[in-house]
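Reader: I am new to this structure and would like a close look at a single part of it. Please take me through one helix and what lies around it.

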Amino acid sequence: MPNPLDEARYEIALASRMLANEGVLDAFGHVSLRHPGDPGRYLLSRSRSPPAIEPADILEFTLDSEPVRPPAEKLFAERVIHGAIYAARGDVMAVCHHHAPAVLPFCIAGIPIVPVFHLGAAVGETTPFWDQHDEFGDTNLLVVKPEEGRSLARALGPHAVVLMNRHGATVVGKDLRELVSRSIFLCDNARYQLQAQLLGKVVPLSSGETRLAGSINAMPNVVGRTWEYWCMRLEGAGLLPRRSARARKPAISRSRRVARTPASAKLSGRKRVRS
């Protein structure tokens, strides 16, 4: 049986690389997961570029964002974002903070992102804003103090996304797969909304459409389908993270196994020729 903590570490590395491959994360940004065995802790990588994250990079933190064990590596300065949200929202199991190019124009202009197509309903009807300057004055815009993290968590409230003025966005989910879907569809929706504004008036989804479409987006078979698609794209790019020898192979590899050599070829003693 796979170790749940090993699996969690692998999936955080996988999600980090996946979001980088899809243009949500670049050299910056981070993904975390609430600890599978202890809701008072969470898992987050050491300070490293998301496309390079390996399972061994994932460390444990308390909800005060202190490392459980003295670290030998540098840590993300903005880890308080994650700890504060997990402390405030018991329903949140995964968090992503990013500065995606598709979202930044809205964060700079202070224009809300609203769902404009069916998959965009994953972001929810409302995307609140948080302006660090309102409460803390001039800063370097990094969220590094516990009180800044708690302020951001209050602005997020019960929502799925909070936009951070002149900075980026923070997205939450009930698991990593929902988090990845929501983060990617947030960027897709932002691009479509901006493009539609060039053509004319933007008419967002109604409250009912957002609720109904959003419930479909969260269905396990839908989330599993998108997760498989993004895994395939990551594998095609040669960027899947390595697993330890004792961990099971990723589902995407099982679904794309090369057919075994026919018995007749084995009997003939011929070797398979790779094309």
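**Helix H5 and its surroundings**

Author: Helix H5 is followed by Gly 157, whose phi is positive, near 55°; helices here are DSSP runs of H or I with at least four residues, strands are runs of E with at least two, and both are numbered from the N terminus. This is a predicted model, in which local features need pLDDT of at least 70 and side-chain atom pairs count only at pLDDT 80 or more, while totals for chains, interfaces and linings use all residues. Residues are numbered from 1 along each chain as its sequence is written, and side-chain values use heavy atoms, with hydrogens and water left out.

Within H5 (residues 146–156), the buried residues are Glu 148, Gly 149, Ser 151, Leu 152, Ala 153 and Leu 156, where buried means under 20% relative accessible area with a 1.4 Å probe, protein chains only. Their cover includes helix H2 (80–88), strand E5 (129–130), helix H4 (132–136), strand E6 (161–164) and strand E7 (168–173).

Three of these covering elements, E5, E6 and E7, also appear in an open sheet of seven strands with mixed pairing, ordered E3-E2-E1-E4-E7-E6-E5; strands pair if DSSP finds at least two bridges between them. Strand E3 (58–62) and E5 stand at the edges with a single partner strand each, so one side of each has no neighbour in the sheet. E6 and E7 pair in the antiparallel sense over four bridges, and Leu 163 stands opposite Ala 169 in E7. H2 packs on this sheet, touching E1, E2, E4, E6 and E7, contact meaning heavy atoms within 4.5 Å.

Terms used. Buried means under 20% relative accessible area, exposed over 50%, partly exposed in between (1.4 Å probe, protein chains only). Axes are lines fitted to C-alpha atoms, for helices over the stretch in contact, and angles run from 0 to 180 degrees between N-to-C directions.
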